[in-house]
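Biologist: I'm new to this one, so could you pick a single part of it and take me through it up close? After that, I'd like to see how that part ties in with the rest.

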Amino acid sequence: MPPATAGAPLRGVATAVALSCLATTGHAQAASPLKGDITAFEACFIQLMIENPDNPMLDMIGPIVCGERHIPITQSCDALGYTLFDRRAVCKTDDLVFWQSQVTHRAEAAIAQGRNGTGGLYDDGLTLCDDVAAASDDPIDCLIEIHWRTALEFVAADLVADLTGEEQ
(Lines give C-alpha, C1' and ligand atoms only; values in the text may rest on other atoms or scores of the structure.)
Protein backbone atom coordinates (compact mmCIF):
# COMPACT_ATOMS: atom_id res chain seq x y z
CA MET A 1 0.00 0.00 0.00
CA PRO A 2 1.40 3.44 -0.88
CA PRO A 3 2.17 5.91 1.88
CA ALA A 4 -0.64 8.21 2.97
CA THR A 5 0.96 11.13 1.16
CA ALA A 6 0.93 9.42 -2.24
CA GLY A 7 -2.42 11.03 -3.08
CA ALA A 8 -1.32 14.55 -2.23
CA PRO A 9 -0.04 15.31 -5.76
CA LEU A 10 -3.30 14.06 -7.27
CA ARG A 11 -5.34 16.25 -4.95
CA GLY A 12 -3.05 19.13 -5.84
CA VAL A 13 -3.73 18.55 -9.52
CA ALA A 14 -7.48 18.32 -8.90
CA THR A 15 -7.38 21.56 -6.92
CA ALA A 16 -5.30 23.29 -9.60
CA VAL A 17 -7.75 22.22 -12.30
CA ALA A 18 -10.67 23.49 -10.21
CA LEU A 19 -8.94 26.80 -9.54
CA SER A 20 -7.99 27.22 -13.18
CA CYS A 21 -11.62 26.62 -14.06
CA LEU A 22 -12.64 29.35 -11.66
CA ALA A 23 -10.01 31.63 -13.12
CA THR A 24 -11.31 31.11 -16.65
CA THR A 25 -15.02 31.26 -15.87
CA GLY A 26 -14.86 34.02 -13.29
CA HIS A 27 -15.61 33.34 -9.67
CA ALA A 28 -18.72 35.51 -9.64
CA GLN A 29 -20.35 33.70 -12.55
CA ALA A 30 -22.62 30.73 -11.99
CA ALA A 31 -21.45 27.28 -13.02
CA SER A 32 -22.38 26.19 -16.51
CA PRO A 33 -25.87 24.70 -16.69
CA LEU A 34 -26.21 20.94 -16.61
CA LYS A 35 -27.12 19.09 -19.77
CA GLY A 36 -29.97 16.72 -19.16
CA ASP A 37 -33.40 16.97 -17.64
CA ILE A 38 -33.21 18.56 -14.18
CA THR A 39 -37.00 18.44 -13.77
CA ALA A 40 -37.02 14.70 -14.48
CA PHE A 41 -34.08 14.25 -12.09
CA GLU A 42 -35.97 16.06 -9.34
CA ALA A 43 -39.18 14.11 -10.03
CA CYS A 44 -37.20 10.88 -9.92
CA PHE A 45 -35.62 11.84 -6.59
CA ILE A 46 -38.98 12.87 -5.10
CA GLN A 47 -40.45 9.53 -6.20
CA LEU A 48 -37.56 7.69 -4.53
CA MET A 49 -38.15 9.69 -1.33
CA ILE A 50 -41.85 8.75 -1.38
CA GLU A 51 -41.15 5.08 -2.07
CA ASN A 52 -38.26 4.80 0.44
CA PRO A 53 -39.04 7.15 3.35
CA ASP A 54 -36.93 5.23 5.87
CA ASN A 55 -33.88 4.58 3.70
CA PRO A 56 -30.91 6.31 5.35
CA MET A 57 -28.80 5.79 2.20
CA LEU A 58 -31.21 7.62 -0.10
CA ASP A 59 -29.31 10.90 -0.01
CA MET A 60 -26.26 9.08 -1.44
CA ILE A 61 -27.90 6.50 -3.70
CA GLY A 62 -30.83 8.54 -5.03
CA PRO A 63 -28.76 11.16 -6.88
CA ILE A 64 -26.77 8.41 -8.60
CA VAL A 65 -29.87 6.46 -9.65
CA CYS A 66 -31.68 9.53 -10.92
CA GLY A 67 -28.51 11.03 -12.39
CA GLU A 68 -27.87 7.93 -14.46
CA ARG A 69 -31.38 8.26 -15.84
CA HIS A 70 -31.50 12.02 -16.46
CA ILE A 71 -28.12 13.84 -16.14
CA PRO A 72 -25.35 12.38 -18.29
CA ILE A 73 -21.85 12.24 -16.87
CA THR A 74 -20.62 13.25 -20.32
CA GLN A 75 -21.31 16.98 -20.59
CA SER A 76 -18.57 18.44 -22.78
CA CYS A 77 -18.69 16.70 -26.16
CA ASP A 78 -21.07 14.92 -28.45
CA ALA A 79 -21.04 11.11 -28.65
CA LEU A 80 -18.48 11.17 -31.46
CA GLY A 81 -16.06 13.14 -29.30
CA TYR A 82 -15.99 10.37 -26.72
CA THR A 83 -15.58 7.75 -29.44
CA LEU A 84 -12.68 9.25 -31.40
CA PHE A 85 -9.36 8.48 -29.74
CA ASP A 86 -7.79 11.84 -30.55
CA ARG A 87 -10.70 13.78 -28.97
CA ARG A 88 -11.54 11.47 -26.05
CA ALA A 89 -8.84 12.77 -23.68
CA VAL A 90 -9.84 16.40 -24.29
CA CYS A 91 -13.52 15.57 -23.74
CA LYS A 92 -12.74 13.80 -20.47
CA THR A 93 -10.53 16.65 -19.28
CA ASP A 94 -13.29 19.12 -20.12
CA ASP A 95 -15.81 16.94 -18.25
CA LEU A 96 -13.57 16.87 -15.18
CA VAL A 97 -13.23 20.66 -15.22
CA PHE A 98 -17.00 21.00 -15.72
CA TRP A 99 -17.90 18.71 -12.80
CA GLN A 100 -15.25 20.20 -10.52
CA SER A 101 -16.72 23.62 -11.26
CA GLN A 102 -20.20 22.30 -10.43
CA VAL A 103 -18.98 20.93 -7.08
CA THR A 104 -17.09 24.11 -6.24
CA HIS A 105 -20.01 26.44 -6.99
CA ARG A 106 -22.61 24.22 -5.35
CA ALA A 107 -20.48 23.69 -2.23
CA GLU A 108 -19.89 27.43 -1.89
CA ALA A 109 -23.63 28.09 -2.26
CA ALA A 110 -24.51 25.42 0.31
CA ILE A 111 -21.98 26.78 2.82
CA ALA A 112 -23.26 30.33 2.25
CA GLN A 113 -26.74 29.03 3.17
CA GLY A 114 -25.42 27.44 6.36
CA ARG A 115 -25.44 23.90 5.00
CA ASN A 116 -22.61 21.38 4.74
CA GLY A 117 -19.98 21.44 2.01
CA THR A 118 -18.61 18.32 0.35
CA GLY A 119 -18.02 16.07 3.35
CA GLY A 120 -16.56 12.63 3.97
CA LEU A 121 -18.02 10.73 1.05
CA TYR A 122 -16.36 13.15 -1.36
CA ASP A 123 -13.05 12.83 0.49
CA ASP A 124 -13.35 9.03 0.44
CA GLY A 125 -13.95 9.19 -3.30
CA LEU A 126 -10.83 11.29 -3.83
CA THR A 127 -8.89 8.76 -1.76
CA LEU A 128 -10.19 5.99 -4.02
CA CYS A 129 -8.98 7.98 -7.03
CA ASP A 130 -5.59 8.39 -5.32
CA ASP A 131 -5.44 4.58 -5.07
CA VAL A 132 -6.25 4.30 -8.78
CA ALA A 133 -3.40 6.70 -9.58
CA ALA A 134 -1.04 4.85 -7.23
CA ALA A 135 -1.77 1.67 -9.21
CA SER A 136 -0.42 3.51 -12.28
CA ASP A 137 -3.86 3.82 -13.83
CA ASP A 138 -5.29 7.07 -15.18
CA PRO A 139 -7.62 8.41 -12.46
CA ILE A 140 -9.61 10.78 -14.71
CA ASP A 141 -12.68 8.51 -15.00
CA CYS A 142 -12.69 8.06 -11.24
CA LEU A 143 -12.36 11.80 -10.64
CA ILE A 144 -15.13 12.60 -13.13
CA GLU A 145 -17.47 10.13 -11.45
CA ILE A 146 -16.74 11.43 -7.93
CA HIS A 147 -17.40 15.02 -8.98
CA TRP A 148 -20.51 14.08 -11.00
CA ARG A 149 -21.94 12.19 -8.03
CA THR A 150 -21.12 14.99 -5.59
CA ALA A 151 -22.65 17.67 -7.83
CA LEU A 152 -25.85 15.62 -8.10
CA GLU A 153 -25.91 15.14 -4.32
CA PHE A 154 -25.95 18.95 -4.04
CA VAL A 155 -28.81 19.17 -6.56
CA ALA A 156 -30.78 16.65 -4.50
CA ALA A 157 -29.95 18.42 -1.21
CA ASP A 158 -31.10 21.73 -2.72
CA LEU A 159 -34.36 20.07 -3.73
CA VAL A 160 -34.92 18.65 -0.24
CA ALA A 161 -34.14 22.04 1.31
CA ASP A 162 -36.61 23.72 -1.03
CA LEU A 163 -39.31 21.14 -0.30
CA THR A 164 -38.89 21.14 3.45
CA GLY A 165 -37.91 24.75 3.93
CA GLU A 166 -35.06 23.52 6.11
CA GLU A 167 -31.30 23.62 5.90
CA GLN A 168 -29.74 20.31 4.90
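**A close look at helix H7**

Modeller: Let's start with Cys142, which is buried, at a relative accessible area of 15%. Here buried means under 20% relative accessible area, exposed means over 50%, and partly exposed is anything in between, using a 1.4 Å probe and protein chains only. Before we go on, this is a predicted model, so local features need pLDDT of at least 70 and side-chain atom pairs count only at pLDDT 80 or more, while totals for chains, interfaces and linings use all residues. Residues are numbered from 1 along each chain as its sequence is written, and side-chain values use heavy atoms, leaving out hydrogens and water.

Now for the partner of Cys142. Cys129 is buried too, because its relative accessibility is 0%. A disulfide joins Cys129 to Cys142, at 2.1 Å from S to S; the term covers a pair of cysteine sulfur atoms within 2.5 Å. The torsion about that S-S bond is about -90°, so the link is left-handed. Cys129 sits in helix H6 (residues 120-134) and Cys142 in helix H7, so the disulfide ties together parts that are 13 residues apart in sequence. Helices are DSSP runs of H or I with at least four residues, strands are runs of E with at least two, and both are numbered from the N terminus.

Next door in the sequence is Asp141, which forms a salt bridge with Lys92, with the closest N and O atoms 3.0 Å apart. This pair links distant parts of the chain, since Lys92 belongs to helix H5 (residues 85-112), Asp141 belongs to helix H7 (residues 140-164), and 49 residues separate them. A salt bridge, by the way, is a side-chain nitrogen of Lys or Arg within 4 Å of a carboxyl oxygen of Asp or Glu. Lys92 counts as partly exposed because its relative accessibility is 22%, and Asp141 does as well, at 42%.

Further along H7, Arg149 forms a salt bridge with Glu153, and here the closest N and O atoms are 3.6 Å apart. The two are four residues apart in the helix, so about one helical turn separates them. Arg149 and Glu153 are both buried.

That pair also shows up where H7 meets H3. In general, two packed helices are described by the angle between their axes and the distance between the axes. H3 and H7 pack at an angle of about 105°, with 9 Å between their axes, and are therefore roughly perpendicular to each other. On H3 the contact involves Asp59, Met60, Pro63, Ile64, Gly67 and Glu68, and on H7 it involves Trp148, Arg149, Leu152, Glu153 and Ala156. Those residues divide into six nonpolar, one polar and four charged.

A few cut-offs go with that. Axes are lines fitted to C-alpha atoms, for helices over the stretch in contact, and angles run from 0 to 180 degrees between N-to-C directions. Under 35 degrees is roughly parallel, over 145 roughly antiparallel, 65 to 115 roughly perpendicular, and the rest oblique. Contact means heavy atoms within 4.5 Å. Ala, Val, Leu, Ile, Met, Phe, Trp, Tyr, Cys and Pro count as nonpolar, Asp, Glu, Lys and Arg as charged, and the others, Gly among them, as polar.

From H3 we can step out to the rest of the chain. A disulfide joins Cys44 to Cys66, at 2.2 Å from S to S. Cys44 lies in helix H2 (residues 38-51) and Cys66 in helix H3 (residues 58-70), so parts 22 residues apart in sequence are tied together. H5, where Lys92 sits, has a disulfide as well: Cys77 is joined to Cys91, at 2.1 Å from S to S. Cys77 lies in the loop between H3 and helix H4 (79-83), with Cys91 in helix H5, so this pair ties together parts 14 residues apart.

Zooming out, the count comes to three disulfides and four salt bridges. With bonded cysteines counted along the chain, the disulfides follow the pattern 1-2, 3-4, 5-6. The chain has seven helices and zero strands, and buried residues make up 36% of its 168 residues.
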